[in-house]
Amino acid sequence: MKIGIVCYPTFGGSGVVATELGLELSKRGHEIHFITYNQPVRLELLSNNVHYHEVNVPEYPLFHYQPYELALSSKLVDMVKLHKIEILHVHYAIPHAYAAYMAKKMLQEEGIYVPIVTTLHGTDITLVGSHPFYKPAVTFSINKSDAVTTVSQSLKDDTMRLFDIKNNISVVPNFIDLDKYNHGFTDCQRGMMANDDEKIITHISNLRPVKRVQDVIEVFYNIQKEMPAKLMLVGEGPEREKVENHCQRLGILEKVIFFGRSNEIDKILCFSDLFLLPSQTESFGLAALEAMASGVPVISSNTGGIPEVNIHGVSGYLSNVGDIEDMSKNAIHILSNPELLVEFKNNARKESLNFDLHNIVPKYEAIYEDTMAKCMVL
Ligand code: GMT
């Protein structure tokens, strides 16, 4: 199939999922066209089967806001025609599903039919999409998609609760390339990061308020009171400065390593003992899955789709949002018992196998085939 993929090219989970999906589909013989405003961060290798088309939005003094969705829908029209793209898969509803619908309508005028698959990822539904300013357009574009998927059952439930949805929604969980995280824990160069007796705690996110990074700091503060420990903070975002100030106030700044945006997530997770994800809301928690695939147990909140990934008492522990005391207690419990830590590490890796990309990507292929067949009949 010739598949157009629209996503955010940044470090967010939806862009990562879209990129990894495109790359795997290309290995399975499909021709993939990424259409977005920057080359996706994990898209290092373009090939015969993987193409990238940049959406440019020329600046004009009249525009207070640059009309990105207009430029995107025009680019989609051009690329579908030029490369004979057969299906568009858009990740994150805003504004991608809306722009894709506009492109589809324009193409229809020329007798070209291209179906749209929309994958909802989380904040496009729970935080931003349900805001009254966006809700009518988001509802419309979900209902006008030829197929809709969510990355967890919890996100499907939220979508049905928050919007007036007429479509069927399929749940296709996020996935992971387990080979990438199968480093065998031998070549981790852990010694470069911490002393042998220090536990390494990790948090990876885009440091937005929804991630509750201040809770990460508080939990780490409690851990390091009980045992030698270091905190690895990976990612950039609006909370960064506040987080640094918080660490300084608590007197733990020298125990916290800020990695910024990193493409070496697998290496960082390789030497981690515990992963913290105390988010306010999280449709899936791809970062937690990446940690688990590296054999790192997860201490998280029990919100949204996280319980579908992190299994309480098996791959880690779940607590109510904001319950720093409970998270600290659970973290210290796992970290202070070496045998238990090994057991949780093994369990985490085992649970991650449920999300093996080789099992999940065919679900998307089946959705594309069904959608194209359904649309051909219409
Ligand atoms: O909001 C973010 O954290 C970024 C966002 C995205 O669109 O990149 O992440 C969402 O999609 C990820 C991939 O499906 C999920 O793993 C995250 O849980 C989800 N984030 C939230 O729901 C807050």
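**Exercise 1. The helix across the second-domain strands**

Find the strands that helix H10 lies across, and give its angle to E11.

*Solution.* Step 1: helix H10 covers residues 286-293 and lies across E8, strand E11 (274-277) and strand E12 (298-301). Step 2: the helix runs at about 170 degrees to E11. Keep in mind that this is a predicted model.

Step 3: place these strands in their sheet. The open sheet has 6 strands, in the order E10-E9-E8-E11-E12-E13, with parallel pairing. Its edges are strand E10 (256-260) and strand E13 (316-319), each paired on one side only. From one strand to the next, the twist averages 20 degrees.

Step 4: look at one pair in detail. Strand E8 (residues 199-204) and strand E9 (residues 229-234) run parallel and are joined by 6 bridges. Ile201 faces Leu231 in E9, standing opposite it.

**Exercise 2. The seven-stranded sheet**

Work out the strand order of the sheet with 7 strands, then locate helix H1 on it.

*Solution.* Step 1: the order is E3-E2-E1-E4-E5-E6-E7. The sheet is open and its pairing is parallel. Step 2: strand E3 (50-54) and strand E7 (169-171) are the edge strands. Each of them pairs on one side only. Step 3: the twist averages 25 degrees from one strand to the next.

Step 4: take a sample pair. Strand E5 (residues 116-120) is joined to strand E6 (residues 147-150) by 4 bridges, and the two run parallel. Thr119 has Thr149 as its bridge partner in E6.

Step 5: add the helix. H1 lies across strand E1 (2-6), strand E2 (31-36), E3 and strand E4 (87-91). Its angle to E2 is about 155 degrees.

**Exercise 3. The two domains**

State the bounds of domain 1 and domain 2, and say how many residues each gives to their contact.

*Solution.* Step 1: the domain assignment gives domain 1 as 2-175 + 357-377 and domain 2 as 178-355. Step 2: their C-alpha centres lie 30 Å apart. Step 3: the contact takes 23 residues from domain 1 and 19 residues from domain 2.

**Exercise 4. A pocket and its position**

Why does the second largest pocket lie between domain 1 and domain 2?

*Solution.* Step 1: size it. The volume is about 510 Å³. Step 2: list the lining. There are 19 lining residues, and Glu20, Leu23, Arg42, Glu44 and Lys180 lie nearest the centre of the pocket. Step 3: sort them by class. The lining of this pocket has 6 nonpolar, 3 polar and 10 charged residues.

Step 4: trace the helices. Helix H1 (13-27) and helix H9 (265-270) each supply at least two lining residues. H1 gives the most, with 5 residues. Step 5: conclude. Both domain 1 and domain 2 give residues to the lining, so the second largest pocket lies between them.

**Exercise 5. The enclosed space**

Which residues line the largest cavity, and which helix gives the most to its lining?

*Solution.* Step 1: count. The structure holds 1 cavity of 30 Å³ or more. The largest cavity contains about 100 Å³ of space. Step 2: name the lining. It is made of Val16, Val17, Glu20, Arg42, Phe175, Ile176, Asp177, Lys180, Tyr181, Leu286 and Glu290. Step 3: classify. The cavity lining has 6 nonpolar and 5 charged residues, and no polar ones.

Step 4: assign the helices. H1 and H10 each supply at least two residues of the cavity lining. H1 gives the most, with 3 residues. Step 5: check the domains. Domain 1 and domain 2 each provide at least three residues of the cavity lining.

Note on methods:
Residues are numbered from 1 along each chain as its sequence is written. This is a predicted model: local features need pLDDT of at least 70, side-chain atom pairs count only at pLDDT 80 or more; totals for chains, interfaces and linings use all residues. Side-chain values use heavy atoms; hydrogens and water are left out. On a 1 Å grid over the protein atoms alone, a cavity is a set of points where a 1.4 Å probe fits but cannot get out, and a pocket is an open set with protein on both sides within 12 Å along at least five of seven lines; lining residues have an atom within 4 Å of a point. Grid points are joined across faces, edges and corners, and a volume is the space filled by probe spheres set on the points. Ala, Val, Leu, Ile, Met, Phe, Trp, Tyr, Cys and Pro count as nonpolar, Asp, Glu, Lys and Arg as charged, and the others, Gly among them, as polar. Domain bounds come from an automatic or database domain assignment. Two strands pair if DSSP finds at least two bridges between them. Axes are lines fitted to C-alpha atoms, for helices over the stretch in contact, and angles run from 0 to 180 degrees between N-to-C directions. Contact means heavy atoms within 4.5 Å.
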